[in-house]
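Look at the structure below and follow the text with it. The paragraphs go from a pair of strands to a sheet, and then to the helices.

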Amino acid sequence: MEQKTVIEMKQLNCKIGKQYLLKEINWTIADGEHWILFGLNGSGKTTLMSILAGYQQQTSGELKVFGEAYSAENLIRNRRKIGLVSSSYFDRCYRDESVLEIVLSGVLGTLGLDFDLTDADVKRAKQLLGRLGLAEKINQSYGTMSKGERECVLIARALLAEPEILILDEPCSGLDVLARDNMLHTAEQLAESRETTMIYVTHYMEEILPCFEHAVLLRQGRIYQKGWSQTVFTEAVMCDFLQSAVQVHRDEKGRITLSMAERKSFELEAR
Amino acid sequence: MELYYDSEGRMGILKQRARRCVCKYCGGRLSLKRISFSEIEDARVEIFCKSCDRIEYGVEPEIYQSALYFVEEMGFNYYPDLNQSEKTKRMNVAKVCDIMAWENKNLGILNRDGFTVPLAANKNMIGECVILDETDLEDMEDISVGTL
């Protein structure tokens, strides 16, 4: 049976002034697929994800989510179906807002609250925060939380609306080794236990879990390669993509690691 | 999932609320602020408290005054483990506002447009009042277009 397309981008561009942040992005994602979006710093990953989730707009090109382009009529409705977990994005929007209010805003697809939030929404938000270890922090302000806690708040915000698409934008960035392991475990569980379409954004090969069977490589705002993870994350492709000699290793569980074949060193002149 | 509101009417609702309600933390005026970069107004604007520098949905001013009185005069403290400061006091007022708004909503005397019944509030409790003139109301109509 043919899978339904949930995201379709054609010749999508985003630019500020004369500079392209994203250029000629063509990408189709089917329902239930799990994708890795891999790229180095500044390659446009967060911009692409915030456009996809309806929090930013492309300059030109076509984006269809659930078969329709974003419009004034459907934007907030469709945003509810997409759980965006991106501290790179939400750190710009939230600071003194309380944890509970931020999580509840996920039900609405907005950044603030609405009158018609139900008691069931509040109870479920508290349950989710409890499961993520934040039961005692629901009244705390976002800006006073650690990086890992903020990621968990955003995961709770995303899951509260029971999204059809879940985007995890560098969820392990800035986490310590234990928090990172927990986060990867959570991502793996989400990928295996739900029929949700997932996109996991990262710039670390070690975070590429076997359950993410598709991959896109993004370089300087352009898609360099996309396809099955096994064919994308090969030594030949990665050497060319990173423009550096690297070795790609896979362990018995399918986890990928990358090591530099030759390390560039910078000598500091003694003063 | 239930749809909470028609996005086409969202701006009108937010404008009315920003004009009528106050910040549940500081009791200050609310305004509309462009938060995200979307070209669609409904999706990028939120109610904002400039004084607290936060996205804030707000409460009816009568609820805020009651909550403030309850915290100041009755000594209510939801956060006994925190240092007692102006910030903690504001958090307490906001907590009481949440409880009162929840109760009033469930009693059916508060809806999206405000109270559905005439209020005869205790004047001692209301204390200081803020008088808004036409110019103030016009100022509150303005949408701040600054982004974060």
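In this predicted model, a good place to begin is Ile165(A), whose bridge partner in strand 7 of chain A is Thr197(A). This bridge belongs to a wider pairing: strand 6 (residues 165-169) and strand 7 (residues 197-202) of chain A run parallel and are joined by five bridges.

Both strands are part of an open sheet of six strands in chain A, with the order 5-6-7-3-8-9 and mixed pairing. Strand 5 (82-86) and strand 9 (222-228) of chain A are the edge strands, since each pairs on one side only. From one strand to the next, the twist averages 15 degrees.

Next come the helices on the sheet. Helix 6 (residues 147-160) of chain A packs there and touches strand 5 and strand 6 of chain A. The direction of helix 6 makes about 175 degrees with that of strand 5 of chain A. Helix 7 (residues 177-193) of chain A lies across strand 3 (34-39), strand 6 and strand 7 of chain A, and runs at about 155 degrees to strand 7.

Helix 6 of chain A also meets another helix. Its axis and that of helix 5 (residues 119-131) of chain A come within 9 Å and cross at roughly 140 degrees. Because of that angle, helix 5 of chain A counts as oblique to helix 6 of chain A. The crossing of helix 5 past helix 6 of chain A is right-handed.

Which residues meet in helix 5 and helix 6 of chain A? Helix 5 brings Arg124(A), Ala125(A), Leu128(A) and Leu129(A), and helix 6 brings Ala156(A), Leu159(A) and Leu160(A). Of the residues in this contact, six are nonpolar, none is polar and one is charged.

Notes
Residues numbered from 1 in each chain as written. Chains lettered and ligands numbered in written order. Predicted model: local features only at pLDDT ≥ 70, side-chain atom pairs only at ≥ 80, totals over all residues. Pairing = 2+ DSSP bridges. Helix = DSSP H or I, 4+ residues; strand = E, 2+ residues; numbered from the N terminus. Axes fitted to C-alpha atoms, helices over the stretch in contact; angles between N-to-C directions. Contact = placed C-beta atoms within 7 Å. Parallel < 35°, antiparallel > 145°, perpendicular 65-115°, else oblique. Left-handed = near helix turned anticlockwise from the far one by under 90°. Nonpolar A, V, L, I, M, F, W, Y, C, P; charged D, E, K, R; others polar.
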